[in-house]
Amino acid sequence: CISVEADLCVYTQPASYGKLRYDFTSKGVHFSLSFTPDAKLPEVPEIGLRFTTDNEYYRLDWHKVLMD
């Protein structure tokens with residue numbers, strides 16, 4: 001398994017921070033996102049990721065995990 005992590009800064013006022021992790025395994029690529037909004041911000045309704053792939057990737061599985 002090869003893992004890559006990136007720190008995120010969401011430019012709200014005040015700023016909020018998070019971490020995006022990619023895990024590359026023999027079974028595919030797994031993404032995880034952690035996000036901690038500043039306590040002074042209102043509730044965050046939804047956070048998403050958008051990415052594009054080349055047409056040669058004819059099969060892409062998406063497993064969404066819902067948080068409480």
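1. Pro-14 counts as partly exposed, at 28% relative accessibility. This is a predicted model. Pro-14 is found in the loop between β1 and β2. Leaving aside residues up to four places away in sequence, Pro-14 touches Asp-38, Lys-40 and Leu-41. Pro-37 is 23 residues from Pro-14 in sequence. In space, the C-alpha atoms of Pro-14 and Pro-37 are 9.0 Å apart.

2. Next, the strands around that loop. β1 covers residues 2-10 and β2 covers residues 16-25. The two strands run antiparallel. Nine bridges join them. The connection is a hairpin, and five residues make the link from β1 to β2. For checking the register, take Ile-2: the bridge partner of Ile-2 in β2 is Phe-24.

3. Phe-24 also belongs to the aromatic part of the structure. There are two aromatic pairs. One of them, Tyr-22 with Phe-24, is stacked. The ring centres of Tyr-22 and Phe-24 lie 6.4 Å apart, with 15° between the planes. The cut-off for centres is 6.5 Å, and planes under 30 degrees apart count as stacked.

4. The other geometry involves Phe-31. The planes of Tyr-22 and Phe-31 stand at 70°, so this pair is edge-to-face. The ring centres of Tyr-22 and Phe-31 are 5.0 Å apart. Ring pairs thus link Tyr-22, Phe-24 and Phe-31 into a cluster.

5. Are the rings of this cluster buried or exposed, or in between? Tyr-22 has a relative accessible area of 26%, so it is partly exposed. Phe-24 is at 36% relative accessibility and also counts as partly exposed. Phe-31 is partly exposed as well, with a relative accessible area of 35%. Partly exposed is the class between under 20% and over 50%, so none of these three values reaches the buried or the exposed class.

6. Finally, the cysteines. How many disulfides does the structure hold? The count is zero. Cys-1 counts as exposed, because its relative accessibility is 74% and the exposed class starts over 50%. Cys-9 is at 29% relative accessibility, so Cys-9 counts as partly exposed. Cys-9 falls within the residue range 2-10 of strand β1.

Technical notes:
Residues numbered from 1 in each chain as written. Predicted model: local features only at pLDDT ≥ 70, side-chain atom pairs only at ≥ 80, totals over all residues. Heavy atoms only, no water. Pairing = 2+ DSSP bridges. Helix = DSSP H or I, 4+ residues; strand = E, 2+ residues; numbered from the N terminus. Buried < 20%, exposed > 50% of the residue type's maximum accessible area, 1.4 Å probe, protein only. Contact = heavy atoms within 4.5 Å. Phe/Tyr/Trp six-rings, centres within 6.5 Å; stacked < 30°, edge-to-face > 60°. Disulfide = S-S within 2.5 Å.
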